[in-house]
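Biologist: I'm in my first year and still learning to read these models. Could you pick a single part of this one and take me through it closely, then say how the rest fits around it?

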Amino acid sequence: MTTLPLPEQAAPATRKTVLIIDDHPLLRQGLAMLINQQKDMQVCGEAEEAHTAMQCISQKKPDVVILDLTLKGPDGLELLKTIRATDPDLPVLILSMHDETIYAERALRARANGYIMKQEATEKVLVAVRRILDGDVYLSDNMSRKMLQQYIDGSPSLLESRIASLSDRELEVFCRIGEGRATREIAEELRLSIKTVETYQAHIKEKLGLRSGRELIQHAIQWKVHEKEN
């Protein structure tokens, strides 16, 4: 009796490795569970702040990074710039709660490969990761339309124009003011001196045409409400 040879089984495709950088443990766990269920990708590490993140990148050599903008210490934009200084070609997807109208453009200028808001369905994260692994840039349909319309009109709204004039660090301070943080708290979170934070506040008031600290707080709170509504 002749025994027919068994058909050769194809070797499993190599799964792409993903590093998650976010300061919320539950979000990291949820994302990791979702990603590890995929046949083409798996999580190789997690980090909640910049120093640990850079160590993970150096040790794990991920194929792609998912990065939150709000971190303990240096924020995601600062970390992205650090990553780009050491690894210009590492794909980075920004996953954030912040209004993409302002932050997506800043992230792209800092050479992020994509931007997606946390309010999006989790399945969209997988779409975004695969897109940037293929060498494309990922933006939501809504943001793509806004950027196209802005290009056609050539004039963003007055509010967006003024906010866009802030540097990345000034915008970070401005957002924390809108979240109700005191100057000392902001200094501790960003690892800056109180005097440096006060200097940023003075620059923000000048750029936004505000006359007092009270007006600065009011506008910062209004901006945070505007972010949530959009």
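Modeller: Sure, I'll begin with one helix and then move out to other spots in the chain.

A quick word on the ground rules. This is a predicted model, where local features need pLDDT of at least 70 and side-chain atom pairs count only at pLDDT 80 or more, while totals for chains, interfaces and linings use all residues. Residues are numbered from 1 along each chain as its sequence is written, and side-chain values use heavy atoms, with hydrogens and water left out.

The protein chain has eleven helices and five strands. Both are DSSP runs numbered from the N terminus: helices are H or I with at least four residues, strands are E with at least two.

Our part is helix H1, twelve residues covering 25-36. The expected span of a helix is 1.5 Å times one less than its number of residues. For H1 that gives 16 Å, and its end C-alpha atoms are 16 Å apart, which agrees.

Now, which residues of H1 are buried? They are Arg28, Leu31, Ala32, Leu34 and Ile35. Buried means under 20% relative accessible area, exposed means over 50%, and partly exposed is in between (1.4 Å probe, protein chains only). Look down the axis of H1 and its buried residues fall within an arc of 165 degrees, so they line one face of the helix. That arc is taken from the directions from the helix axis to the C-beta atoms. Here's the general idea: an α-helix has 3.6 residues a turn, so residues three or four places apart point the same way. On the other side of H1, Leu26 and Met33 are exposed.

What do the buried residues of H1 pack against? Their partners are strands S1 (16-21), S2 (41-47), S3 (64-67) and S4 (92-96), plus helix H5 (122-133). Contact here means heavy atoms within 4.5 Å.

Follow the chain into the loop between H1 and S2 and you meet glutamine 38. Glutamine 38 is buried too, with a relative accessible area of 17%. Leaving aside its neighbours within four places in sequence, glutamine 38 is in contact with Arg15, Leu126 and Arg130. Arginine 15 is 23 residues from glutamine 38 in sequence, yet their C-alpha atoms are 8.6 Å apart in space.

Compare that with another loop, between helix H2 (50-60) and S3, where lysine 61 sits. Lysine 61 is exposed, with a relative accessible area of 58%. Its phi is near 50 degrees, a positive value in a residue other than glycine. Arginine 191, in the loop between helix H9 (183-190) and helix H10 (194-208), has a positive phi as well, about 55 degrees. At 59% relative accessibility, arginine 191 counts as exposed.

Arginine 106 is another matter: this residue of helix H4 (100-109) is buried, with a relative accessible area of 4%. Leaving out residues up to four places away in sequence, arginine 106 touches several others, including Leu77, Ile163, Asp168 and Leu171.

Finally, let's zoom out to the whole chain. Of its 230 residues, 43% count as buried. Among contacts between residues at least 6 apart in sequence, 63% join residues at least 24 apart.
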